[in-house]
Amino acid sequence: EAFDKHIGQIPTWPRDQIKGSFDQPQPYTVRLFFAEPKDLKPGRRIFDVSLQGRQVLKDFDVAREAGTTNRCVVKEFNEILIKNDLKISLDPADTNNLTPILSGIEIIAEN
């Protein structure tokens, strides 16, 4: 019942409660969700992933890791320092590969 009261509402905090909270980068756990929507063989969609300018995945192949179409693969990264924005880069490993794909993002404050 208490959960239902908050559906569709954006949480707010008093200004004095959050003042200074975003002055310094804070650590977050970032989970990236991938699923290959096409019936591709491994090796067709290979890409690198960077968070905040630091490479966290090299030559990532969703089809190879998932083993089948539409099966979710979750990659978790801890202590990602975020101040204002989370910067995610998906870079194809080769121009012959398909465009990188990202299905979802979860960001959890560690403090």
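**Close-up 1. Thr 29 and Glu 110 meet through their side chains.** In this predicted model, a polar contact of 2.8 Å joins the side chain of Thr 29 to that of Glu 110. Thr 29 sits in strand E1, and at 10% relative accessibility it counts as buried. Look across to E6 and you'll find Ile 108 standing opposite Thr 29. Which other residues does Thr 29 touch, once its neighbours within four places in sequence are left aside? Glu 110 is on the list again, along with Glu 76, Phe 77, Asn 78, Glu 106, Ile 107 and Ile 108.

**Close-up 2. Strands E4, E1 and E6 line up as an open sheet.** Here we step back from Thr 29 to the strands around it. The sheet has three strands in the order E4-E1-E6, and the pairing is antiparallel. The edges are E4 and strand E6, which covers residues 104–109; each of these pairs on one side only. From one strand to the next, the twist averages 20 degrees. How many bridges hold the pairing of E1 and E6? There are six, in the antiparallel sense.

**Close-up 3. Glu 76 and Arg 31 form a salt bridge.** The two side chains come together with 2.7 Å from N to O. Glu 76 belongs to strand E4 (residues 73–82) and Arg 31 to strand E1 (residues 26–34), so this pair ties together parts that are 45 residues apart in sequence. Both ends of the bridge can be followed to the surface: Glu 76 is partly exposed, with a relative accessible area of 41%, and Arg 31 is partly exposed too, at 24%. The story doesn't stop with two residues, either. Glu 106 joins Arg 31 and Glu 76 in a network of salt bridges.

**Close-up 4. Arg 45 pairs up with Glu 36.** Now we move to the loop between E1 and strand E2 (46–51), where Arg 45 lies. Its side chain meets that of Glu 36 in a salt bridge, 2.7 Å from N to O. Buried or exposed: which word fits Arg 45 and Glu 36? Both are buried, and for Arg 45 the relative accessibility is 7%. Glu 36 isn't alone in offering an oxygen here, as the backbone oxygen of Thr 99 lies 2.4 Å from a polar atom of the Arg 45 side chain. If you set aside residues up to four places away in sequence, Arg 45 touches quite a list, including Lys 38, Leu 40, Phe 60, Asp 61 and Val 62. Also among those contacts are Asn 97, Leu 98, Pro 100 and Ile 101.

**Close-up 5. Asp 61 and Arg 64 make a salt bridge with two unlike ends.** In this pair, the closest N and O atoms are 3.1 Å apart. Asp 61 is buried, with a relative accessible area of 4%, whereas Arg 64 is exposed, at 55%. Asp 61 also turns up among the residues that Arg 45 touches, which links this view to the previous one. How many salt bridges does a search of the whole structure find? The count is six.

**Close-up 6. Strands E3, E2 and E5 make an open sheet.** This sheet of three strands runs in the order E3-E2-E5, with antiparallel pairing. At the edges are strand E3 (54–61) and strand E5 (88–92), each pairing on one side only. The twist averages 20 degrees from one strand to the next. E2 and E3 pair in the antiparallel sense over five bridges. For a spot to zoom in on, try Val 49, which stands opposite Leu 57 in E3.

**Close-up 7. The whole chain, with its helices and strands.** After the details, here is the full picture. The protein chain has two helices and six strands, and from the N terminus on its elements run α-β-β-β-α-β-β-β. Of its 111 residues, 29% count as buried. The chain exposes about 8,000 Å², with carbon and sulfur atoms supplying 48% of that area. What share of the contacts between residues at least 6 apart in sequence join residues at least 24 apart? For this chain, the figure is 71%.

Methods:
Residues are numbered from 1 along each chain as its sequence is written. This is a predicted model: local features need pLDDT of at least 70, side-chain atom pairs count only at pLDDT 80 or more; totals for chains, interfaces and linings use all residues. Side-chain values use heavy atoms; hydrogens and water are left out. A salt bridge is a side-chain nitrogen of Lys or Arg within 4 Å of a carboxyl oxygen of Asp or Glu. Helices (H or I, at least four residues) and strands (E, at least two) are DSSP runs, numbered from the N terminus. Buried means under 20% relative accessible area, exposed over 50%, partly exposed in between (1.4 Å probe, protein chains only). A polar contact is a pair of N or O atoms within 3.5 Å; within protein, one must be able to donate a hydrogen and the other to accept it, and residues adjacent in sequence count only if both atoms are side-chain atoms. Contact means heavy atoms within 4.5 Å. Two strands pair if DSSP finds at least two bridges between them. Axes are lines fitted to C-alpha atoms, for helices over the stretch in contact, and angles run from 0 to 180 degrees between N-to-C directions. Accessible areas come from the Shrake-Rupley method with a 1.4 Å probe; for residues, only the protein chains shown count as cover.
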